Structure formats: C-alpha cells, structure tokens
Amino acid sequence: MKSPAGLEVIKAKSLRERTSIGIGGCPVAEVRVNDERALAALPELLASLGGRPAVFGRGTNILAADRELPITLVTPPPGPPRGEAPSIAGREDDLTLVRAKAGVSLPQVLAFAAANGLAGMSGLAGIPGSLGGAVFMNAGSFGAETGRMVHSIEVFSPKRGLVRVPAADIEFSYRKCAIKGLGNDGGRQNSPCGCAERGHPGDSWFMIVSATLALAGGREPSIREHMRECLHKKSSSQPIAERTAGCVFKNPAPDAPAGMLIDRAGLKGKGAGGMRFSEVHANFLVNDGSGSFDQAMELIELAREKVLAQSGHSLELEVRVWQ
C-alpha cells in the first residue's frame with residue numbers, strides 16, 4: 001500500500017539505538033505522522049503493515065525484548081526542528097494556554113514556559129521524553145504533575161478519529177490517565193500504546209496528537225532558578241547520566257518508595273550480566289552497554305520477590321514492557 005501524504009513509512013531501527021536504556025530489537029516498521037490531517041488513513045495503513053500499533057515518543061520508559069518485535073511504531077506529530085514549536089494559544093481566566101505537539105520534548109516545553117514567564121512546570125526539570133508521553137504517564141516530580149496542568153488534548157483513535165478532549169474528560173492518577181469514551185485505562189503495564197485490547201490495529205487504541213497546558217504567570221528568573229534547583233537535586237539523587245529507562249517501579253505508597261524498598265531488600269547495586277540496580281537510586285536499572293532484556297527482567301522479578309517477602313509490598317511496573 002502506498003503511504004498517504006502526511007504519513008511516512010520507514011524501516012524501523014533497532015530499539016537498542018532508540019531507547020534510553022539501550023536495549024530492544026527491531027519492530028515491523030515505523031510510521032511517522034508528519035501531518036495530522038492524514039490521520040484518518042492511519043488505521044488502514046497500519047493494517048497493511050501488520051503488527052500491533054505502538055505509539056513511540058523518545059523511548060525513555062520502555063523495556064523492549066531483544067528480538068524481532070510484532071509491533072509497528074507510530075511516531076506522533078513532531079516538534080522542532082522537524083515540526084511546530086510550542087506556542088501561546090490564548091488565555092483563560094488568569095491562566096495562559098500553551099499548545100504543543102505530542103512529539104515535542106518535555107525539556108523544550110519547559111524552556112518555552114520559562115522564557116515566557118509561565119510557572120508550574122519547573123518541578124518537571126530533568127525529566128526526559130516527549131510531551132505526549134508526559135501526559136499519558138502523568139509524569140511528575142518535586143510536587144509538579146503534568147495532569148494538573150492539562151487544559152485539553154487532541155487524541156486520535158480509530159473509533160473516534162481526531163477529537164479534542166477537555167481536562168474534565170481525562171482522569172489523571174499516579175503515572176497514568178484514562179480518557180472518557182476511549183475504553184482504556186491508560187496504564188496497562190505491557191500495552192505498547194493506549195490500548196483497551198492488544199490485537200488488530202482496528203481495535204481500540206489511541207495516540208495523543210497535541211496538548212494544551214494552562215499555566216500561571218511568574219517571574220522568569222525565579223522559574224529558572226527553581227528549575228536549576230530541581231535539576232541539581234535530580235542529578236545528585238538519580239543516575240541521570242547513565243543508560244536507564246527511568247524509574248522501574250511505581251511507589252507502592254507515599255511512605256514506601258520503591259527505591260527504599262529495593263535497597264532494604266539488599267538489591268541496591270545488584271547486577272545480572274550488564275544490567276544492575278543503580279548504586280545511586282535503587283529504583284533505576286542501569287545498562288553498562290552490554291545489558292539485555294532478559295537480564296533486566298531477571299532483576300525485576302528478583303526485586304518483586306525480595307520486596308514482597310521483606311516488606312509485604314507488591315511492586316508494580318512503571319516502565320512499559322514490549323515483547
């Protein structure tokens with residue numbers, strides 16, 4: 001099938017080259033959405049390519065198996081340099097609305113907000129990935145959560161097409177969101193995208209295309225200073241310079257962070273081949289360059305067993321597993 005204008009089919013590279021942790025095999029193909037006006041043709045194109053649709057941003061919270069993967073990557077409309085930059089979309093009450101494509105990196109959105117004297121996002125400083133991923137996972141840090149800032153999003157799904165969804169129709173919770181009318185929970189552990197089912201591309205799945213955030217006014221110098229403080233705290237307490245997929249597990253409770261539980265279970269620094277739990281923060285798996293998916297999963301299962309036995313807490317994955 002010839003690619004419709006606005007949809008670009010390319011040979012997918014190994015996810016070892018594209019995920020932040022540096023592991024993963026080759027998907028079936030990759031479809032880049034260069035023009036959202038072509039989205040209506042996306043389901044038919046995906047059906048012709050085969051594989052489950054997997055919405056792919058910056059690859060920062062993914063553990064993918066080291067083999068050929070039965071998925072087709074779908075990359076949402078990009079930000080700069082290939083696509084649109086974040087922009088001011090208007091005002092509502094005392095808030096400024098900032099709109100950006102889902103493929104824009106979260107650091108780019110933070111930089112835009114700071115440059116325009118818009119507060120509320122600085123606690124997210126140091127979180128990599130795309131804006132779409134941050135919304136989908138309700139990314140949060142230092143008291144800031146993406147979901148609290150969302151005014152509306154544009155979402156594409158085979159069932160409803162491209163629709164605007166106001167914040168009132170999105171239920172944000174810890175590291176996930178659920179969108180009214182899409183029949184999803186937004187947080188299925190092994191789902192490669194926002195899927196209700198993992199099957200034919202005609203099943204219920206969705207892709208965030210853009211997001212509009214509502215931000216309060218502030219002073220640029222104080223916003224940038226808070227960003228620097230958050231970055232310093234993150235760099236001194238997390239292995240941000242190493243190859244990781246971010247936090248492996250969700251925190252079971254506010255007073256029981258996963259990193260502390262893994263540490264108390266005696267697994268801080270524990271390794272398997274080229275993969276290990278970080279000595280800086282035990283809730284991060286670090287790849288020394290030779291690590292594999294199987295080694296990562298071995299350590300994940302070990303942590304679940306040891307933490308359950310030692311503390312009674314069941315650890316739930318925050319990273320998304322593709323296999």
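## A three-stranded sheet and its helix

In this predicted model, strand S18, which covers residues 275-277, pairs with S19 in the antiparallel sense over three bridges. Within this pairing, Phe277 stands opposite Leu285 of S19. The two strands belong to an open sheet of three strands, whose order is S17-S18-S19 and whose pairing is antiparallel. Strand S17 (271-272) and strand S19 (285-287) stand at the edges of this sheet, and because each has a single partner strand, one side of each is left without a neighbour in the sheet.

A helix also belongs in this picture, since helix H7, made of residues 293-311, packs on the sheet and touches S17, S18 and S19. The direction of H7 makes an angle of about 25 degrees with that of S18.

## The largest nonpolar core

In soluble globular proteins, nonpolar side chains tend to be buried together. The largest nonpolar core of this model has 40 residues, and the members that touch the most other members are Met121 and Ile153. Several helices and strands give two or more residues to this core, including strand S7 (95-101), helix H3 (131-136), strand S14 (176-179), strand S16 (205-217) and helix H5 (220-237). The largest share, six residues, comes from H2. Apart from this core lies another one, of 39 residues, among them Ile23, Ala54, Ala245 and Leu299.

Ile153 deserves a separate look, and its contacts, when residues up to four places away in sequence are not counted, are with Val135, Val163, Arg164, Val165, Ile170, Ile179, Ile208, Ser210 and Ala211.

## Helix H2 and what follows it

The buried residues of helix H2 are Leu106, Val109, Leu110, Phe112, Ala113 and Ala114. An α-helix has 3.6 residues a turn, so residues three or four places apart point the same way. The buried residues of H2 pack against S6, S7, strand S8 (118-119), H3, S16 and H5. After H2 comes Gly117, whose phi is positive, near 65 degrees.

## The hairpin of S11 and S12

Strands S11 (150-157) and S12 (161-166), which both give two or more residues to the largest core, form a hairpin with three residues between them. Their pairing is antiparallel and runs over six bridges. One of the paired positions is Phe156, whose bridge partner in S12 is Leu162.

## Two loop residues with positive phi

Asp93 has a positive phi of about 55 degrees, although this residue is not a glycine. Asp93 lies in the loop between strand S6 (87-92) and S7, and with a relative accessible area of 71% Asp93 is exposed.

Phe142 is likewise a residue other than glycine with a positive phi, in this case near 50 degrees. The place of Phe142 is the loop between strand S9 (140-141) and strand S10 (144-145). With a relative accessible area of 40%, Phe142 is partly exposed.

## Cysteines without disulfides

How many disulfides does the structure hold? The structure holds zero disulfides, a disulfide being a covalent bond between the sulfur atoms of two cysteines. For Cys230, the closest cysteine sulfur is that of Cys247, and because the sulfur of Cys230 is 15 Å from it, the pair is too far apart for a bond.

Is Cys230 buried or exposed? Cys230 counts as buried, because its relative accessibility is 2%. Cys26, by contrast, is partly exposed, with a relative accessible area of 33%.

How values were computed:
Residues are numbered from 1 along each chain as its sequence is written. This is a predicted model: local features need pLDDT of at least 70, side-chain atom pairs count only at pLDDT 80 or more; totals for chains, interfaces and linings use all residues. Side-chain values use heavy atoms; hydrogens and water are left out. A nonpolar core is a set of buried Ala, Val, Leu, Ile, Met, Phe, Trp, Tyr and Cys residues joined through side-chain atoms within 4.5 Å. Buried means under 20% relative accessible area, exposed over 50%, partly exposed in between (1.4 Å probe, protein chains only). Helices (H or I, at least four residues) and strands (E, at least two) are DSSP runs, numbered from the N terminus. Contact means heavy atoms within 4.5 Å. Two strands pair if DSSP finds at least two bridges between them. Axes are lines fitted to C-alpha atoms, for helices over the stretch in contact, and angles run from 0 to 180 degrees between N-to-C directions. A disulfide is a pair of cysteine sulfur atoms within 2.5 Å.
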